[in-house]
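This report describes selected contacts in a protein chain. It turns to paired strands and then to charged side chains.

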Amino acid sequence: MGRQLALTLAYLAHLLATATSSERQQHRVQQGRCSYTFILPRCEHCHPLKDFQVTNTLQRDSPPEAEPDTSQFKAGMAQKEEAFLAGEEWLQKLENFIQENVRSGMEEMKSTAVHTQTAAMLEMGTNLLSQSAEQTRKLTDVETQVLNQTSRLEIQLLEYSLFTNRLEKHILLQTQEISRLSDKNSLLEQRLLALEARYGKELQGLQSEKQQLQELVERQSRLVSQLQGELVSSTLNSTSLQRQQAALTDTVQQLLAMTNRCNGEAEAFARMHEPRTFRDCAEILRSGVTESGLYGIQASINCPSFPQVFCDMKTRGGGWTVLQHRRNGSVNFHRGWRDYKMGFGEPTGGHWLGNDIIHKLTSSQEYSLHVQLKDREGNEAFSHYDHFYIDGEDNNYSLHAEGFSGTAGRTSSLTHSGTQFSTKDRDNDRCTCKCAQLASGGWWFEACGPSNLNGIYYPSSSSVVRYNGIKWYYWKGPNLMATMTTMMVRPANF
């Protein structure tokens with residue numbers, strides 16, 4: 001406001017200064033949106049007319065007179081003074097008018113400025129609030145992302161920690177296994193050294209035997225030379241031998257005649273003292289023998305005598321011919337086709353009687369099969385089959401068993417009738433794999449079925465599940481851990 005007043009006063013002073021100038025000037029004043037133009041009066045060389053009346057006119061446009069006189073001059077001066085006074089009064093009124101207009105303009109400008117500033121501040125506040133909300137939202141999103149990332153990192157850290165723990169346990173187990181293998185390796189090295197020493201001694205013995213054999217060959221060569229010499233001399237004596245042979249021929253004819261007379265007596269004596277043959281252990285039991293042990297049998301007159309078999313005269317009435325027996329792991333049952341065909345082991349211990357003998361025995365008449373089992377806790381069970389026999393080698397010793405009963409499972413663990421026998425070198429099962437290789441031993445596997453009494457014999461102290469051991473599934477599952485197994489037959493009508 002003070003600045004506007006100073007401008008107005010400066011303008012009025014300028015008007016007073018130019019009021020006496022000889023030229024008429026125009027002045028423009030710009031105040032806000034309003035502009036003011038002023039034309040000041042010009043007084044020099046102007047003489048009023050005689051009938052001139054002083055008014056508030058600010059300018060005079062009539063030309064001056066040529067030669068005013070002194071009185072007229074004085075009168076003009078008085079009029080000039082009056083005009084000046086009137087100009088001052090007019091300027092005073094103008095000043096008041098300008099001040100009032102300036103005041104009202106200033107108030108309007110202040111009001112407009114306040115409204116403008118208020119609107120600008122509101123707009124700025126709205127923008128700031130919008131920006132603050134946007135920034136808050138962005139910060140919330142960033143915070144959410146940071147929390148999610150932190151959670152993922154924590155989960156990953158926990159997984160890494162669990163993996164590290166498992167890895168440490170695995171490394172510890174591997175370390176223990178390495179230590180155990182190292183100890184075992186040391187033991188094997190000691191045994192290898194002992195074997196090398198023993199083999200060294202045996203090699204020395206073989207070398208000495210070789211030398212002795214060479215000496216023996218030399219002596220035999222000398223004897224052959226002597227025999228050749230004797231053969232020449234014996235050829236020379238052949239004539240005398242022929243004469244002796246003729247004499248012997250006569251003597252033989254005489255002996256033959258005597259033999260013909262004695263044949264009748266010899267045959268009668270042989271029939272009286274001929275030893276009795278038994279078809280199986282049941283006939284031996286019926287003959288009065290009650291002790292279990294080794295006996296010779298002959299299935300029929302068309303079959304040669306079997307090797308001695310073990311007869312069980314105690315179990316369920318006795319008379320059982322034992323086909324298979326195991327009570328320890330001293331006999332290896334993982335064998336080929338020929339061994340299972342001919343039989344192996346000792347009848348008094350672990351053995352397999354032989355598929356050829358089993359076929360000839362069970363084909364001579366109807367037999368029943370009895371399977372006796374015992375586990376490592378001492379529990380015993382059995383499976384009994386009323387009818388049992390196997391085919392010959394031309395049909396791969398196919399199994400036939402019917403009429404199951406017993407305590408070793410709710411159903412039979414023996415494979416279905418018609419299943420062929422398989423070994424590691426002759427695969428006759430119905431599986432794409434080789435069951436005799438996987439399950440070990442020779443058996444009627446079909447598709448690696450629920451039984452295998454010829455699997456690997458594991459000690460009773462072992463607690464690891466073995467799928468290639470002795471198995472009778474419907475009694476003890478896939479891992480029997482048996483300490484004794486026996487397969488034996490007896491006539492079905494016993």
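In this predicted model, strand β4 is joined to strand β5 (residues 320–326) by two bridges, and β4 and β5 run antiparallel. Within this pairing, Cys-311 stands opposite Thr-321 in β5. Strand β4 (residues 309–312) also pairs with strand β3 (residues 293–295); the sense is again antiparallel, and three bridges connect β3 and β4. Here Leu-294 has Phe-310 of β4 opposite. In a regular strand, side chains alternate between the two faces of the sheet.

**Salt bridges**

How many salt bridges does a search of the whole structure find? The search finds ten. Three of the ten are set out below.

| Residue pair | Closest N to O distance |
|---|---|
| Arg-137 and Asp-141 | 3.2 Å |
| Asp-375 and Lys-476 | 3.2 Å |
| Glu-377 and Arg-376 | 3.4 Å |

**A pair within one helix**

The salt bridge between Arg-137 and Asp-141 belongs to helix α2 (residues 70–236), where Arg-137 and Asp-141 lie four residues apart, about one turn of the helix. Arg-137 has a relative accessible area of 42%, so it counts as partly exposed. Asp-141 is likewise partly exposed, because its relative accessibility is 33%. This contact is part of a network of salt bridges that links Glu-134, Arg-137 and Asp-141.

**A pair linking distant parts of the chain**

Asp-375 and Lys-476 also meet in a salt bridge, with 3.2 Å between the closest N and O atoms. Where in the chain do Asp-375 and Lys-476 lie? Asp-375 is in strand β8 (residues 367–375), whereas Lys-476 is in helix α8 (residues 473–476); the two residues are 101 residues apart, and their pair links distant parts of the chain. Is Asp-375 buried or exposed? Asp-375 is buried, because its relative accessibility is 2%, and the cut-off for buried is under 20%. Its partner Lys-476 has 35% relative accessibility and therefore counts as partly exposed.

**A pair of consecutive numbers**

Glu-377 and Arg-376 form a further salt bridge, in which the closest N and O atoms are 3.4 Å apart. Glu-377 counts as exposed because its relative accessibility is 55%, and exposed means over 50%. Arg-376, at 35% relative accessibility, is partly exposed.

Note on methods: Residues are numbered from 1 along each chain as its sequence is written. This is a predicted model: local features need pLDDT of at least 70, side-chain atom pairs count only at pLDDT 80 or more; totals for chains, interfaces and linings use all residues. Side-chain values use heavy atoms; hydrogens and water are left out. A salt bridge is a side-chain nitrogen of Lys or Arg within 4 Å of a carboxyl oxygen of Asp or Glu. Buried means under 20% relative accessible area, exposed over 50%, partly exposed in between (1.4 Å probe, protein chains only). Two strands pair if DSSP finds at least two bridges between them.
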